[in-house]
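Q: I am new to this structure and would like a close look at one part of its surface, taken slowly and set against the rest of the protein. Please explain the terms you need as you go.

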Amino acid sequence: MNRFVGLQNTYMGYLDYRKKTIKDLGISPSTCSFNPGVIVANMTEWKHQRITKQLEKWMQKNVEENLYSSSLGGGVATSPMLIVFHGKYSAINPLWHIRHLGWNPDTRYSEHFLQEAKLLHWNGRHKPWDFPSVHNDLWESWFVPDPAGIFKLNHRNS
């Protein structure tokens, strides 16, 4: 699987370039992709450009033509979002997405840096509601119990 990790950063990792519909988009397979797990959207523009309808169209096309690469996954949202938002984005301040908090339970960011952050992302398997994880105190300070009761504060003694 390690040899495919680099593909997760390009469109090649998500779209099946053997399919004519994908080739006809004119998007290079080596184009950098993004992770739609964390996005900031202008909802007025979203409605104006009918983004939901565009996404639904591409999800339906995938049902009909199997357009998305299944080798790496990416969920059901990544591929259609890559298509719909290709060339329609603006770079944002990196403080809006501090990621990799869940990759290694030994990784630490400075408290000052984390206080300046706008969004913290515990991507990776070490989630703050599980053990082990890092910077649980920050996550707990914003924790609101979910109605399903799935995510709970989990204090474990080290």
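A: A residue is called exposed when its relative accessible area is over 50%, and buried when that value is under 20%. In this predicted model, Val 40 has a relative accessible area of 58%, so the residue counts as exposed by that cut-off. Val 40 sits in the loop that runs between helix 1 (20-23) and helix 2 (43-48), and together with Ile 92 and Trp 96 this valine forms a nonpolar patch on the surface, the three sharing about 310 Å² of accessible area.

The setting of that patch is a protein with 6 helices and 0 strands, which gives the pattern α-α-α-α-α-α when read along the sequence. Its accessible surface comes to about 11000 Å², and carbon and sulfur atoms account for 55% of this, while buried residues make up 29% of the 158 residues. Of the contacts with a separation of 6 or more, 49% link residues that are 24 or more positions apart.

Charged side chains also pair up in this model, which holds 2 salt bridges. In one of them, Asp 24 pairs with Lys 20, with the closest N and O atoms 2.6 Å apart, and both of these residues are exposed. Another joins the side chains of Arg 18 and Asp 16 at 2.9 Å, N to O; here Arg 18 is exposed, at 70% relative accessibility, whereas Asp 16 is buried, with a relative accessible area of 8%.

Key
Residues are numbered from 1 along each chain as its sequence is written. This is a predicted model: local features need pLDDT of at least 70, side-chain atom pairs count only at pLDDT 80 or more; totals for chains, interfaces and linings use all residues. Side-chain values use heavy atoms; hydrogens and water are left out. Helices (H or I, at least four residues) and strands (E, at least two) are DSSP runs, numbered from the N terminus. Buried means under 20% relative accessible area, exposed over 50%, partly exposed in between (1.4 Å probe, protein chains only). Contact means heavy atoms within 4.5 Å. Accessible areas come from the Shrake-Rupley method with a 1.4 Å probe; for residues, only the protein chains shown count as cover. Patches are made of residues with over 30% relative accessible area and no salt bridge: like charges are joined within 9 Å, nonpolar side chains (Val, Leu, Ile, Met, Phe, Trp, Tyr) within 5 Å. A salt bridge is a side-chain nitrogen of Lys or Arg within 4 Å of a carboxyl oxygen of Asp or Glu.
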